Amino acid sequence: MAIRIFVLIFFLFLMQCQNDDMPIDDTAVDDTSLVGEWLLYESYISPGGAAEWKDVEEGNRYFFDEFGNYEETDFNIKIERRGEYEIKENELYLYFLTEGKKDTLGYIASFNENKTRLTLSPSYPSICIEGCLYRFMKE
């Protein structure tokens, strides 16, 4: 009897953690469509409770060129970081220097169907357990 109760509680727990409504774009990222300027306009973050999309005022920008270089700027286009990028199996890797040492950020990346919206979710070196997504629109 105790095993049945444990199994029931376990399945109830799993059902609560499942989030079938998480709005994820599902078109694969490719180098050609990534080239251009992208402005952060929404974030989907859970600080421990339910997550929801929030508008971002004056979001940062990414500029990707066709040669594998990128720049990240603030809203006013002041450069915050620059380096190289690479796409591997729907993951976008950004390589840059921090205090003279090579550093990497990884994101699970996807486009909406017409490739005008880019959705990023951190995957390396840290991940979001309860979900965090960032949406960029192509400028």
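How exposed is glutamate 86, by relative accessibility? At 31%, glutamate 86 counts as partly exposed. Hold on to that residue, please; we will meet its partner shortly. Good morning, everyone, and a word of caution before we go on: what you have in front of you is a predicted model.

Let me start with the overall layout. The protein chain has two helices and nine strands. Going along the sequence, both helices come before the strands, in the pattern α-α-β-β-β-β-β-β-β-β-β. The chain has 139 residues, and 34% of them count as buried. Its accessible surface is about 9400 Å², with 54% of that belonging to carbon and sulfur atoms. If we take the contacts between residues at least 6 apart in sequence, 42% of them join residues at least 24 apart.

Now to the hairpins. Strands E5 and E6 pair in the antiparallel sense, over six bridges. E5 covers 79-88 and E6 covers 91-98. If you want a place to look, find isoleucine 87, which stands opposite leucine 92 in E6. Two residues sit between the strands of this hairpin.

Which phi does glutamate 89 take in that hairpin? A positive one, near 45°, although glutamate 89 is not a glycine. Asparagine 90 also lies in the loop between E5 and E6, and asparagine 90 has a positive phi too, of about 65°. I point these out because most residues other than glycine have a negative phi. As for their surroundings, glutamate 89 is exposed, with a relative accessible area of 79%, while asparagine 90 is partly exposed at 36%.

Carry on along the chain and E6 has another partner. E6 pairs with strand E7, residues 101-111, in the antiparallel sense over eight bridges. Here tyrosine 93 has glycine 106 in E7 as its bridge partner. E6 and E7 also form a hairpin with two residues between them, and in that turn glutamate 99 has a positive phi of about 50°.

While we are on backbone geometry, there is one peptide bond to show you. Tyrosine 124 and proline 125 are joined by a cis peptide bond, with omega about 0°. Proline 125 is found in the loop between strand E8 (117-124) and strand E9 (132-138). As a reminder, most peptide bonds are trans.

Let's go inside. The largest nonpolar core has 18 residues, and those touching the most other members are Leu34, Phe64, Leu92, Leu94 and Leu118. Strand E1 (36-45), strand E3 (61-64), E6, E7 and E8 each supply at least two residues of this core. E7 gives the largest share, four residues. You may recognise Leu92 as the residue opposite isoleucine 87 in the first hairpin.

Which residues does leucine 118 touch, leaving out those up to four places away in sequence? Among them are Val29, Leu34 and Trp38, then Ala109 and Phe111, and further along Tyr134 and Phe136.

Last topic: charges. Side chains of opposite charge can pair when their charged atoms come close. A search of the whole structure finds eight salt bridges. In one of them, lysine 115 meets aspartate 30, with the closest N and O atoms 2.8 Å apart. Lysine 115 lies in the loop between E7 and E8, and aspartate 30 in the loop between helix H1 (2-17) and helix H2 (31-34), so this pair ties together parts that are 85 residues apart in sequence. Lysine 115 is partly exposed at 27% relative accessibility, and aspartate 30 is partly exposed at 24%.

Another salt bridge joins arginine 82 and glutamate 71, where the closest N and O atoms are also 2.8 Å apart. Arginine 82 is in strand E5 and glutamate 71 in strand E4 (residues 69-73), eleven residues apart. Arginine 82 is partly exposed, with a relative accessible area of 49%, and glutamate 71 is partly exposed at 26%.

And here is the partner I promised. Glutamate 86 forms a salt bridge with lysine 88, at 3.8 Å from N to O. Lysine 88 counts as partly exposed at 43% relative accessibility, and glutamate 86, as I said at the start, is at 31%. Elsewhere, salt bridges that share partners join Glu37, Arg61 and Glu139 into one network.

That's my tour; thank you for listening.

Notes:
Residues numbered from 1 in each chain as written. Predicted model: local features only at pLDDT ≥ 70, side-chain atom pairs only at ≥ 80, totals over all residues. Heavy atoms only, no water. Buried < 20%, exposed > 50% of the residue type's maximum accessible area, 1.4 Å probe, protein only. Contact = heavy atoms within 4.5 Å. Areas by Shrake-Rupley, 256 points an atom, 1.4 Å probe, with all protein chains shown as cover. Pairing = 2+ DSSP bridges. Core = buried A, V, L, I, M, F, W, Y, C linked by side-chain atoms within 4.5 Å. Salt bridge = Lys/Arg side-chain N within 4 Å of Asp/Glu carboxyl O.
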